[in-house]
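Hello,

Here is the structure I promised to pass on to you. Please open it alongside this message, and then read on for what turned up in it.

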Amino acid sequence: MIVMTVVTALVLLALATQAGIVAVQRAFPPQGRMIEVDGATLHVVDIGPRDSGLPIVMLHGASSNLEAMRRPLGDLLAKDHRVILIDRPGHGWSTRARRQDSTPQIQARMIDEALGKLGVDRAIFVVHSWSGALGARLALDHPGRVAGLVMLAPVTHPWRGGVGRYNELIATPVIGPLLAYTITLPLGYVVAESGARNVFLPQTMPDGFVQDSATPLLLRPREFIANAYDLVTLKEAVVAQVARYGEIKAPVTIIAGEPDKTVKTSIHARPFAATVQNAKLIVLPDLGHMVQNAVPDLVKAEIETMIDTIVPAQAAAD
């Protein structure tokens with residue numbers, strides 16, 4: 001009787017999850033074009049004037065998608081610049097053939113290929129959180145593509161501890177998919193709002209953020225599993241690349257907050273800035289993890305300052 005009850009509950013949760021997937025995807029349809037690369041299909045939103053000089057490529061962190069970079073910062077930048085927003089492989093409306101293609105090294109190669117197909121030779125990369133490691137990897141492995149790097153609360157170095165027991169369970173064969181295809185989506189709807197509020201602290205989360213950022217897309221099983229793989233493999237990935245940071249030649253601006261409890265500035269931003277040759281570090285005393293939401297005007301000003309420095313230098317070199 002107990003077994004039958006458990007099986008029935010799992011079947012009902014699985015059916016609810018499938019209905020939830022349909023509802024979420026109808027609520028948050030793709031906004032851009034799909035670009036095929038080796039091992040993935042990337043969803044790309046390309047906004048702003050095409051003839052505005054260096055384009056700006058924006059890459060989101062974990063547990064999110066390109067909409068987390070689009071509002072308000074991407075839309076603000078797009079008034080004067082070409083802005084290319086990309087759902088990382090496996091996130092949002094991007095897919096990837098293998099869940100294990102979770103490292104910054106592999107995703108950097110995919111993004112580099114997509115930009116080549118878009119005809120983008122060089123760009124300013126704006127990266128947040130998890131994508132700090134991705135931006136660093138792009139600068140290391142594809143330096144010709146990276147004209148400059150603006151990092152917002154970036155992950156760059158190994159840290160003590162893990163990434164949460166639930167992520168580790170979701171990345172476990174058999175049990176992970178079982179959880180993802182039954183309880184994750186219904187449970188996620190209950191906790192998504194409070195979880196997002198915690199990431200914003202000490203700032204207040206804007207009203208409507210969860211909907212405006214299309215966060216419910218994360219609750220789909222295939223994306224939730226991909227996100228878990230990204231997180232559980234990240235520490236080993238940064239261990240493998242941290243010794244190379246001194247090789248980065250592109251100008252780098254890092255903006256982080258001292259109270260950030262999601263990605264600690266003392267572990268990541270400060271040592272990264274001390275290692276990279278041409279780095280500028282801005283640490284604000286009251287800034288939390290969601291830098292692009294809290295201080296978009298400051299981020300925009302720093303991006304434009306970088307562009308104003310790079311363009312004349314490149315013209316002189318040519």
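**What I found**

Pro 186 is one of the residues of helix α7, which covers residues 184–200. Keep in mind as you look around that this is a predicted model. With a relative accessible area of 29%, Pro 186 counts as partly exposed. Leaving aside residues up to four places away in sequence, Pro 186 is in contact with Leu 13 and Thr 17. Its C-alpha atom is 8.4 Å from that of Leu 219, although 33 residues separate the two along the chain.

Another residue to click on is Gln 211, in helix α8 (residues 209–212). Gln 211 is partly exposed too, at a relative accessible area of 48%. If residues up to four places away in sequence are not counted, Gln 211 touches Phe 28 and Pro 216. From Gln 211 to His 43 there are 168 residues along the chain, and their C-alpha atoms are 19 Å apart.

**Helix α9**

Next, please find helix α9, residues 221–232. A rise of 1.5 Å a residue gives an expected span of 16 Å for its twelve residues, and the C-alpha atoms at its ends are 16 Å apart, so the two agree. Is α9 mostly covered or mostly open? It is mostly covered, with ten of the twelve residues buried. Among the buried ones are Pro 221, Glu 223, Phe 224, Asn 227, Tyr 229 and Asp 230.

**Aromatic pairs**

How many aromatic pairs are there? The count is three, taking ring centres within 6.5 Å as the cut-off. One of them joins Tyr 166 and Phe 224: the ring centres are 6.0 Å apart and the planes stand at 70°, which is over 60 degrees and therefore makes the pair edge-to-face. Because Tyr 166 belongs to helix α5 (residues 165–170) and Phe 224 to helix α9, this pair ties together parts that lie 58 residues apart in sequence. The two partners differ in cover: Tyr 166 is partly exposed at 29% relative accessibility, whereas Phe 224 is buried at 12%.

Tyr 245 and Phe 272 also form an edge-to-face pair, with 4.8 Å from centre to centre and 75° between the planes. Tyr 245 sits in the loop between α10 (234–241) and β8 (252–257), while Phe 272 is in helix α11 (residues 269–275), so here the parts tied together are 27 residues apart in sequence. Both Tyr 245 and Phe 272 are buried.

**Charges over rings**

Two arginines are worth a look as well. Arg 88 lies over the face of Trp 130, 4.0 Å from the centre of the ring. Over the ring of Trp 93 you will find the charged end of Arg 220, at 5.2 Å from the ring centre.

**A helix pair**

Finally, a word on how two helices meet. Packed helices are described by the angle between their axes and by the distance between those axes. For helix α4 (residues 131–141) and α10, the angle is about 35° and the axes are 11 Å apart. The crossing of α4 and α10 is left-handed. Which residues make the contact between α4 and α10? On the α4 side they are Ala 133, Ala 136, Arg 137 and Leu 140, and these meet Leu 234, Val 238 and Gln 241 of α10.

Enjoy exploring, and best wishes.

Methods. Residues numbered from 1 in each chain as written. Predicted model: local features only at pLDDT ≥ 70, side-chain atom pairs only at ≥ 80, totals over all residues. Heavy atoms only, no water. Helix = DSSP H or I, 4+ residues; strand = E, 2+ residues; numbered from the N terminus. Expected span 1.5 Å × (residues − 1). Buried < 20%, exposed > 50% of the residue type's maximum accessible area, 1.4 Å probe, protein only. Phe/Tyr/Trp six-rings, centres within 6.5 Å; stacked < 30°, edge-to-face > 60°. Lys NZ or Arg CZ within 6 Å of the ring centre and 35° of its normal. Axes fitted to C-alpha atoms, helices over the stretch in contact; angles between N-to-C directions. Left-handed = near helix turned anticlockwise from the far one by under 90°. Contact = heavy atoms within 4.5 Å.
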